[in-house]
Amino acid sequence: MPSFDWKEKHLSAPIAATVIQDSITYPNGRGYPKARPDGKIILGDNLNVMAALLPEYENRINLIYADPPFFTNRKFPARVGRGEDSRKPSKWKLAEGYHDSWTDIDSYLQFLYERLSLMYRLLAPNGTLYLHLDWHADAYARLILDEIFGADNFINEIIWAYHGPSPIRSAFNRKHDTILMYAKSKDYVFNADDVREPYSQSTVTTFKSSPKAGFGKIPDLERGKVPEDWWYFPVVARLHNERTGYPTQKPEALLERIILASSNKNDLVADFFFRFGYNFVSCGKTR
Ligand SMILES: C[S@@+](CC[C@H](N)C(=O)[O-])C[C@H]1O[C@@H](n2cnc3c(N)ncnc32)[C@H](O)[C@@H]1O
């Protein structure tokens, strides 16, 4: 296998944070999940938090969704005001969001490498990782994940397509993210029947009029199909009831599909790049 290197590539023994239990404080406002007594939200750098979770959770987490900074070299302030005129950004009420600024690509790759290596250790033997990125770094991350998981354990490169305004006039509008899906072993969970969706109207019409349309393969139109590896979900900005004002918020429908496909009831599910440097480990499945 080709090797992929960058300046000062290394894995150091992670230093475990001391995790202090305070209280569970879900703001039950718009866009936040309902309180679950068996879930945890941990504030801190996820490197030290994951190290602290190792003694209890190594080889135990069934599904990890990771939505790290994308190497955009931008700052993302959070928009906290509601009902403001979206055409007047200078009037928006803003709070500190997060910085996605790096001295170079090497420091970013090192950041990902150390964290993805710990996620691998935390994953259960039949567990799955979904790493959410975009064109800035997805190609590099694929090589890192091949190294950590083994190229044979690559499952899907999912394209999340969306639309929206863009100032770009010199290229096609960049309107998709890439989600890399890797399993820890061949024995991974994939609940195909839980994520089926209806066939398109044109497929239904075609097969109803001519059963030979599929070269001998007749789809089960009632049961629906397993989705392709490209998904369309509108960005949250347009779904006002979900919107929290967080700049890079991902739609619930996207997470729902991931959770349904790759976890079972009462499985452990973790999101290590939750929000404002918060790391979220939760138990159970949203059904
Ligand atoms: C792309 S955003 C995640 C957005 C989130 N998935 C959502 O739907 O709202 C990346 C997040 O990672 C957090 N983050 C960055 N570095 C981190 C670190 N070392 N430990 C924990 N969280 C971190 C940032 O604060 C930011 O909230």
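What share of the 287 residues of the chain count as buried? In this predicted model, the figure is 43%. The chain is built from 5 helices and 10 strands. Among contacts with a separation of 6 or more, 74% link residues 24 or more positions apart. The surface exposed by the chain comes to about 16,400 Å², of which carbon and sulfur atoms supply 54%.

A good place to begin inside the fold is the largest nonpolar core, which holds 40 residues. Ile 64, Leu 116, Met 119, Leu 122, Leu 129, Leu 131 and Phe 272 touch the most other members of this core. Two or more residues each are contributed by helices H1 (46–57), H2 (105–122) and H3 (138–149), and by strands S2 (61–66), S5 (123–133), S7 (176–183) and S9 (268–275). Helix H2 gives the largest share, with 9 residues. Met 119 has contacts with Met 50, Ile 64, Ala 66, Leu 129, Phe 272 and Phe 273, leaving aside residues up to four places away in sequence. Apart from this core lies another one, of 18 residues, including Leu 63, Ile 158, Ile 258 and Ala 261.

The pairing of H1 with H2 also deserves a look. Their axes come within 10 Å and cross at roughly 15°. Because angles under 35 degrees count as roughly parallel, H1 is roughly parallel to H2. The crossing of the two helices is left-handed. On the H1 side, Asn 46, Leu 47, Met 50, Ala 51, Leu 53, Leu 54 and Tyr 57 take part in the contact, meeting Glu 114, Arg 115, Leu 118, Met 119, Arg 121 and Leu 122 of H2.

Technical notes: Residues are numbered from 1 along each chain as its sequence is written. This is a predicted model: local features need pLDDT of at least 70, side-chain atom pairs count only at pLDDT 80 or more; totals for chains, interfaces and linings use all residues. Side-chain values use heavy atoms; hydrogens and water are left out. A nonpolar core is a set of buried Ala, Val, Leu, Ile, Met, Phe, Trp, Tyr and Cys residues joined through side-chain atoms within 4.5 Å. Buried means under 20% relative accessible area, exposed over 50%, partly exposed in between (1.4 Å probe, protein chains only). Helices (H or I, at least four residues) and strands (E, at least two) are DSSP runs, numbered from the N terminus. Contact means heavy atoms within 4.5 Å. Accessible areas come from the Shrake-Rupley method with a 1.4 Å probe; for residues, only the protein chains shown count as cover. Axes are lines fitted to C-alpha atoms, for helices over the stretch in contact, and angles run from 0 to 180 degrees between N-to-C directions. Angles under 35 degrees count as roughly parallel, over 145 as roughly antiparallel, 65 to 115 as roughly perpendicular and the rest as oblique. A crossing is left-handed if the near helix is turned anticlockwise from the far one by less than a right angle, and right-handed if clockwise.
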